[in-house]
Amino acid sequence: MIEIRNLHKAFGNKKVLAGVNLTVDEGIIFSVIGKSGTGKSVLLKSILGLLTPDDGEITIDGINTKNFSESDFNKKIRPKTAMVFQEGALWDSMTIEENIDLALQIQKHFSKEERKELIDKSLELVELENINDTYPEELSGGMMKRVAIARAIAMKPKYLLYDEPTTGLDPVLSNVINALIKKLNDELNITSLIISHDITGVEQISDKVGMLYKGEIITVCDAKKMWDVEDKIFHDFIRGKIELR
Ligand SMILES: Nc1ncnc2c1ncn2[C@@H]1O[C@H](COP(=O)(O)OP(=O)(O)OP(=O)(O)O)[C@@H](O)[C@H]1O
Ligand SMILES: [Mg+2]
């Protein structure tokens, strides 16, 4: 379980997170929606310790990460978490296999044979067998996203954080990625926290949805009931009545 209590983060005098409270129960898909620039990526990066909150607490499986050092995060949190970054974040000069292998070498202590098996298995799970020797520039945007997901699941995470996994993809590819996220959640017993603007996808695959607004999570509801929410900000946002930018 991920529990976030009263999380604050500012950059200079700009308050981004101003008291975020959020609970992600084990095994579910939780999606966070919200306008561009509201701090959704900052929230994910704070969970992984890539950004340090100014105040508040993040507890993962009962481990409170407040005042954690880089080495504490490496030892206690990052082995059970993986993130699919908004930009994909693949190294252009490396093949797909080398990209996944590098991440595995940094994060885990597997033998070369074990790493090879994990790489092949994770590429198979995203239905991209045999692209091991391909370079990122040879892939389409949708394939790139799937490689980023393969790299994350190769780490065998308990928690998978996705930062806008379908942004920039056409509706068909978005469906493919959403179905993949659901499949991984079910088959690998992963708990997923997704940041997304893709309201249709959010409704299809999520168990719970929360909205980040002005630095706080203002509404949390069952995804199936999101269209019944009366809170005006949430109601208008999912219907596209607030400009995204
Ligand atoms: N490292 C940083 N240094 C300074 N400001 C930052 C930093 N990271 C984020 N910000 C600022 O924090 C705010 C929230 O950024 P964030 O990337 O979390 O938005 P977002 O909700 O993910 O938006 P989008 O939907 O466009 O991805 C922005 O105003 C951004 O400029
Ligand atoms: Mg973002």
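Let's start with how helix 3 and helix 5 cross: the crossing is right-handed. This is a predicted model, by the way, so please keep that in mind throughout. Two packed helices are described by the angle between their axes and the distance between the axes. For helix 3, residues 96-107, and helix 5, the axes come within 9 Å and cross at roughly 35 degrees.

Which residues meet there? From helix 3 we have I96, N99, I100, A103 and L104, and from helix 5 they meet V147, A150, R151 and A154. If you look at the spacing of those numbers, it helps to recall that an α-helix has 3.6 residues a turn, so residues three or four places apart point the same way.

Let's stay with helix 5 for a moment. At 1.5 Å a residue, its 14 residues should span 20 Å, and the end C-alpha atoms are indeed 20 Å apart, so the two values agree. Is this helix mostly covered or mostly open? Mostly covered: eleven of the 14 residues of helix 5 are buried. The buried part takes in M144, K145, R146, V147, A148, I149, A150, R151, A152, I153 and A154. As for what they pack against, the partners are strand 6, helix 3, helix 4, strand 7 and helix 6. Helix 5 also lies across strand 6 and strand 7, and runs at about 175 degrees to strand 6. Just after the helix comes K156, with a positive phi near 50 degrees.

Now to helix 6, residues 171-187. This one has 17 residues and reaches 24 Å from its first C-alpha to its last, close to the 24 Å expected at 1.5 Å a residue. Its buried residues are S174, I177, N178, L180, I181, L184 and N185. Why do I say they line one face? Seen down the axis of helix 6, the buried residues fall within an arc of 155 degrees, so one face of the helix is lined by them. On the other side of helix 6 you will find V172, D186 and E187, which are exposed.

The buried residues of helix 6 have plenty to pack against: strand 3 (29-33), helix 4 (112-125), helix 5 (141-154), strand 7 (159-163), strand 8 (191-195) and helix 7 (199-205). Helix 6 lies across strand 3, strand 7 and strand 8, and runs at about 155 degrees to strand 8. Following the helix is N189, where phi is positive, near 60 degrees.

That brings us to the sheet under discussion. Six strands make up an open sheet with the order 6-7-8-3-9-10, and the pairing is mixed. At its edges are strand 6 (81-84) and strand 10 (216-222), each pairing on one side only. On average, neighbouring strands in this sheet are turned by 20 degrees against each other, direction ignored.

Let's walk along it. Strand 6 and strand 7 run parallel, joined by four bridges, and T81 stands opposite Y159 in strand 7. Further along, strand 3 pairs with strand 9 in the parallel sense over four bridges, with I33 standing opposite M211 in strand 9. Strand 9, residues 208-213, has five of its six residues buried, so it is largely enclosed by the rest of the structure.

Strand 9 then joins strand 10 through six bridges, and these two run antiparallel. One pair to look for is Y213 with its bridge partner E216 in strand 10. The two strands form a hairpin with two residues between them, and K214 in the turn has a positive phi of about 50 degrees.

Finally, there is another sheet. Four strands form it, in the order 2-1-4-5; it is open, and the pairing is antiparallel. Strand 2 and strand 5 (63-64) stand at the edges with a single partner strand each, so one side of each has no neighbour in the sheet.

Strand 1 (residues 2-11) and strand 2 (residues 14-24) run antiparallel, joined by eight bridges, and L7 has V20 as its bridge partner in strand 2. Here too we have a hairpin with two residues between the strands, and G12 in the turn has a positive phi of about 60 degrees. Strand 1 also pairs with strand 4, residues 55-60, in the antiparallel sense over five bridges; I2 has I60 as its bridge partner in strand 4. Two bridges then join strand 4 to strand 5, again antiparallel, with T59 partnered by N64 in strand 5.

Conventions:
Residues numbered from 1 in each chain as written. Chains lettered and ligands numbered in written order. Predicted model: local features only at pLDDT ≥ 70, side-chain atom pairs only at ≥ 80, totals over all residues. Expected span 1.5 Å × (residues − 1). Buried ≥ 20, exposed ≤ 12 C-beta atoms within 10 Å, placed from the backbone. Arc of directions from axis to C-beta. Contact = placed C-beta atoms within 7 Å. Pairing = 2+ DSSP bridges. Axes fitted to C-alpha atoms, helices over the stretch in contact; angles between N-to-C directions. Left-handed = near helix turned anticlockwise from the far one by under 90°.
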